[in-house]
Amino acid sequence: MTVPTPDAPFGYDPQGRPYSDKSKIVAGVLQLFLGGFGAGRFYVGSTGVALGQLFTCGGLGIWALVDAILFFTSNDRTDKQGRVLRG
C-alpha cells in the first residue's frame, strides 16, 4: 500500500485504486440484517438499488441475502465515488 494522499486518504489497493472511507464488512452486515430496507446499499451510496430493495423488501429477502454475501466476498465493490470498499 502506498502513502495516503488527499484524493485517497485511506491509501490504494494492490491494483492502484483508491480505497473508500466505507467498509465492505459494515455494508455486508447492514445488508444481512437490514437488507429488506436496502441499508447496505444506502450506506455505500447506491440509492437507486437501495430504493429497489426497499420497495421489494429486499427481493423478498433473496436479493438482500445474495447482496450481503457479495459484499463479504467481493474485492471489487465500490462506493458512490467509484472507490473500492475497505475491509
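**Exercise 1.** What percentage of the 87 residues of the protein count as buried?

*Solution.* The structure is a predicted model. A residue is called buried when its relative accessible area is under 20%. By that cut-off, 33% of the 87 residues are buried. The accessible surface of the protein is about 5,000 Å², and carbon and sulfur atoms account for 68% of that area.

**Exercise 2.** State how the helices and strands are ordered, and compare the radius of gyration with that of a compact globule.

*Solution.* Start with the elements: there are five helices and two strands. Along the sequence they give the pattern β-α-α-α-α-α-β. Next, take the radius of gyration. For 87 residues a compact globule would come near 12 Å, and the protein has 13 Å, so the two agree. The C-alpha atoms fill a box of roughly 45 × 20 × 15 Å along the principal axes. Last, consider the contacts between residues at least 6 apart in sequence: 47% of them join residues at least 24 apart.

**Exercise 3.** Describe the surroundings of Gly-40: is this residue buried or exposed, and which residues is it in contact with beyond four places in sequence?

*Solution.* First, place the residue: Gly-40 belongs to helix H2, which covers residues 39–44. Second, check its exposure. The relative accessible area of Gly-40 is 0%, so the residue is buried. Third, list the contacts. With neighbours within four places set aside, Gly-40 touches Ala-27, Leu-30, Gln-31 and Phe-71. Finally, Ala-68 is 28 residues from Gly-40 in sequence, with a C-alpha to C-alpha distance of 7.9 Å.

Methods:
Residues numbered from 1 in each chain as written. Predicted model: local features only at pLDDT ≥ 70, side-chain atom pairs only at ≥ 80, totals over all residues. Heavy atoms only, no water. Helix = DSSP H or I, 4+ residues; strand = E, 2+ residues; numbered from the N terminus. Buried < 20%, exposed > 50% of the residue type's maximum accessible area, 1.4 Å probe, protein only. Contact = heavy atoms within 4.5 Å. Rg over C-alpha atoms; globule rule 2.2 N^0.38 Å. Areas by Shrake-Rupley, 256 points an atom, 1.4 Å probe, with all protein chains shown as cover.
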